[in-house]
Amino acid sequence: MTKVGIIGATGMAGSATFKAAQEAGLDVTAIVRNADKAKQNLGANIQLIDSDAFNLTKSDLEQFDVVVDAFATAPEKAYLHTDLATHLVATLRETESPRLIFILGAGSTFVGTGKQRHFAYEDIKADPDNAAWQSIPENQLYEFNFIKDVKNVSWTGVSPGQLFVPGELANKVLYGKDDMLFDEQGRSQTTSDTMAKAIVDEIITPAHKQERFIVTNG
């Protein structure tokens with residue numbers, strides 16, 4: 001049975017992925033800083049590692065086939081996204097297992113065409129109303145720029161649409177690689193259960209080794 005560890009399993013994306021992995025019959029462990037919160041949200045009898053993600057060692061990680069980085073933090077600590085990716089990659093250099101799956105932001109996806117094609121983060125940055133939280137997509141862009149050049153660790157990245165919100169699995173799901181996706185109404189939104197299903201599918205049937213893909217509600 002595939003063994004999966006989920007960093008940040010009590011957050012929106014992490015908890016949805018944990019539950020989807022359970023439902024798929026995977027051997028899943030929550031990696032959290034608050035064991036009581038994890039048991040309350042995910043079940044009293046779950047498997048868990050009560051640890052700060054930055055304290056995870058190679059022996060902690062090697063027990064898994066896949067480790068999902070669903071880490072989330074406040075805007076003033078947004079740099080920790082890249083720091084954690086760096087820690088995980090450095091710990092697992094020159095290995096094939098576990099595979100790392102990073103939940104990235106929409107800011108690292110592209111919008112526009114031709115000479116106007118640019119990172120979505122540039123539009124976020126240009127709007128002063130986003131100043132309070134723009135450091136999160138900014139640092140997740142830095143995180144993506146870091147991992148995309150990693151060659152000697154097995155990794156996959158996945159980005160949501162422009163909006164990433166709690167919600168059920170969409171009836172129709174869109175997949176892409178680098179450019180932001182939009183449904184027929186022009187919306188770019190990914191619900192947490194849609195993201196979770198895409199991650200579990202990638203765990204069971206790997207299709208994006210050493211690359212990022214995008215998933216949105218259709």
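Strand 5 and strand 8 run parallel and are joined by four bridges. The model in which they sit is predicted. Across this pairing, Phe102 stands opposite Gly157 in strand 8. Strand 8 also pairs with strand 12, again in the parallel sense and over four bridges. There, Ser159 stands opposite Ile214 of strand 12.

These pairings belong to a wider sheet. Eight strands form it, in the order 3-2-1-4-5-8-12-10. The sheet is open and its pairing is mixed. Strand 3 (47-50) and strand 10 (173-176) stand at the edges; each has a single partner strand, so one side of each is left without a neighbour in the sheet. From one strand to the next, the twist averages 20°. Strands of a sheet pair through backbone hydrogen bonds, and they may do so parallel or antiparallel.

Strand 8 (residues 155-159) deserves a closer look. How many of its residues are buried? Five of its five are, and the strand is mostly covered. In a regular strand the side chains alternate between the two faces of the sheet. In strand 8, Trp155, Gly157 and Ser159 point one way. Thr156 and Val158 point the other way. Residues on both sides of strand 8 are buried.

Move next to strand 12 (residues 211-217), where Ile214 has its place. Is Ile214 buried or exposed? Its relative accessible area is 0%, so Ile214 is buried. Which residues does Ile214 touch, leaving aside its neighbours within four places in sequence? Its contacts include Thr109, Ser159 and Pro160. Also among them is a run of residues: Leu174, Tyr175, Gly176, Lys177, Asp178, Asp179, Met180 and Leu181. Ser159 thus appears twice: as a contact of Ile214 and as the residue opposite Ile214 across the strand pairing. Val153 lies 61 residues from Ile214 along the chain, and their C-alpha atoms are separated by 21 Å.

Now go to the strand 3 edge. Strand 2 (residues 27-32) and strand 3 run parallel, joined by four bridges. In this pair, Thr29 has Gln47 of strand 3 as its bridge partner. Helix 1 (residues 12-23) lies across strand 2 and strand 3, and also across strand 1 (3-7) and strand 5 (99-103). Helix 1 runs at about 160° to strand 2.

The last stop is a pair of helices. The axes of helix 4 (residues 80-91) and helix 6 (residues 135-147) come within 8 Å and cross at roughly 25°. That angle makes helix 4 roughly parallel to helix 6, because angles under 35 degrees count as such. The crossing of helix 4 past helix 6 is right-handed.

Which residues meet between the two helices? Helix 4 brings His81, Thr82, Ala85, Thr86 and Val89. Helix 6 brings Ile136, Asn139, Gln140, Tyr142, Glu143, Phe146 and Ile147. Six of the residues in this contact are nonpolar, five are polar and one is charged.

Thr82, in helix 4, shows the contact at the level of one residue. Leaving aside neighbours within four places in sequence, Thr82 is in contact with Asn139, Tyr142 and Glu143. Why does Thr82 count as buried? Its relative accessibility is 17%, and buried means under 20%.

Terms used:
Residues are numbered from 1 along each chain as its sequence is written. This is a predicted model: local features need pLDDT of at least 70, side-chain atom pairs count only at pLDDT 80 or more; totals for chains, interfaces and linings use all residues. Side-chain values use heavy atoms; hydrogens and water are left out. Axes are lines fitted to C-alpha atoms, for helices over the stretch in contact, and angles run from 0 to 180 degrees between N-to-C directions. Angles under 35 degrees count as roughly parallel, over 145 as roughly antiparallel, 65 to 115 as roughly perpendicular and the rest as oblique. A crossing is left-handed if the near helix is turned anticlockwise from the far one by less than a right angle, and right-handed if clockwise. Contact means heavy atoms within 4.5 Å. Ala, Val, Leu, Ile, Met, Phe, Trp, Tyr, Cys and Pro count as nonpolar, Asp, Glu, Lys and Arg as charged, and the others, Gly among them, as polar. Buried means under 20% relative accessible area, exposed over 50%, partly exposed in between (1.4 Å probe, protein chains only). Two strands pair if DSSP finds at least two bridges between them.
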